[in-house]
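Student: I have a model open and would like to work through it. Can we take it step by step?

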Amino acid sequence: MNAQHPLPLIGLTMGDGAGIGPEVIVPAVLDPATLGRCRPVVIGDAARLRKAAAILGVECEVVAVDAPADAEFTPGRINVVDLGLLPDDLPFGKLSPVAGNAAYEYVRRAAELAVADEIDGICTAPLNKEALHAAGHVYPGHTELLAHLTGVEEVSMMLSTEKVKVIHVTTHIGLIDAVSRIEPGLVERTVRRGHEALVRAGDPNPVIGVCGINPHAGENGLFGYGEEEKKIVPALEKLRAEGIDARGPLPADTAFFLASRGDYDLIVAMYHDQGHGPVKVLGIEAGVNLTIGLPVIRTSVDHGTAFDIAGTGKAEAGSMIEALRQAAELSTAR
């Protein structure tokens, strides 16, 4: 981060232009609270942002810049590294390989800027995985794509809401494959990444609850085949010996309730649905998706492209504002 500019420079990728990304970006970037926390530069298509502003009835100036360093930050101005990839007649709310390819290119450019240290953090609007795949970019999602583009072998997905934060040991793989992949080293590295993220966010001694794999965390061997003892307990013993307050294995059906009342600062989920289900019940409206382990922090809204309401002006920008807030908060300490 440039010493002359105390606010972090955040690259905000536009996501799938046929979805609600442009409509949540415009109000989020113009929000005075956002501009008080960071310097957001959109990586996307200027024409699409202008169209979104018109749909929302928002008066603003969308200005194309060659690089984030060229951006100027004044009220009513949106800076965009304009890749110009979308046709003017691209319909909202319809699957498009063209939009899928553009979404990939926005992320690729953001990764380049991050590796070159031209931005302090990345915030992403939602992409559509089917459109991404139709364009020939076969990645499960942003997390894996950004890891590939930045040359990082292993990252973790964290979901953050006002009531609970959860980091995942495994994400976009089948349940049988997830159980097979979980092993003490992966559990340990995941907990460490979560611990580091919370320390960077200002919590020096976070309490971390680690879920089991089986119902009731195996209930002393009653369920499963000893997975908790083999795959999780050794990692927790090593972490606790180093002073990290990691507790478990915990029954997942009570861990999230305990976290929501404040007993845990972070929950470690073993697989995708174990973590995503409770988080989406407890606060998807303002939920944020974080990728932990990249060269820079990456945050995202915890909702999809919402093709059913795209282009109608009905999308809520609250999650995007929160994603930018957390990107700024975590990037400041980089």
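Student: How much area is buried between domain 1 and domain 2?

Tutor: This is a predicted model, where local features need pLDDT of at least 70, side-chain atom pairs count only at pLDDT 80 or more, and totals for chains, interfaces and linings use all residues. Residues are numbered from 1 along each chain as its sequence is written, and side-chain values use heavy atoms, with hydrogens and water left out. Buried area is the accessible area (1.4 Å probe) that two parts lose on being put together, summed over both. Carbon and sulfur atoms give 45% of the area here, and the total is about 740 Å².

Student: In domain 1, which residues lose the most area to domain 2?

Tutor: Domain bounds come from an automatic or database domain assignment. That assignment gives domain 1 as 9-152 + 294-330 and domain 2 as 156-282. Together, the residues you want make up 53% of what the domain 1 side buries: T143, D302 and L330.

Student: How do α8 and α9 pack: parallel or oblique?

Tutor: Helices are DSSP runs (H or I, at least four residues), strands likewise (E, at least two), numbered from the N terminus. Axes are lines fitted to C-alpha atoms, for helices over the stretch in contact, and angles run from 0 to 180 degrees between N-to-C directions. Helix α8 (residues 184-200) and helix α9 (residues 227-241) pack at about 45 degrees, with axes 7 Å apart. Angles under 35 degrees count as roughly parallel, over 145 as roughly antiparallel, 65 to 115 as roughly perpendicular and the rest as oblique, so α8 and α9 are oblique.

Student: Which residues of α12 make the contact with α1?

Tutor: Helix α1 (residues 21-30) and helix α12 (residues 318-331) pack at about 55 degrees, with axes 8 Å apart. Contact means heavy atoms within 4.5 Å. From α1 come V24, I25 and A28; from α12 come M320, I321 and L324.

Student: How many residues of that α1 and α12 contact are nonpolar?

Tutor: Ala, Val, Leu, Ile, Met, Phe, Trp, Tyr, Cys and Pro count as nonpolar, Asp, Glu, Lys and Arg as charged, and the others, Gly among them, as polar. The contact of α1 with α12 has no polar and no charged residues. Its nonpolar count is six.

Student: Which residues does the cis peptide bond join?

Tutor: Look in strand β9 (residues 246-250), where P249 has its place. Omega is about 0 degrees at this bond. The cis peptide bond joins G248 and P249.
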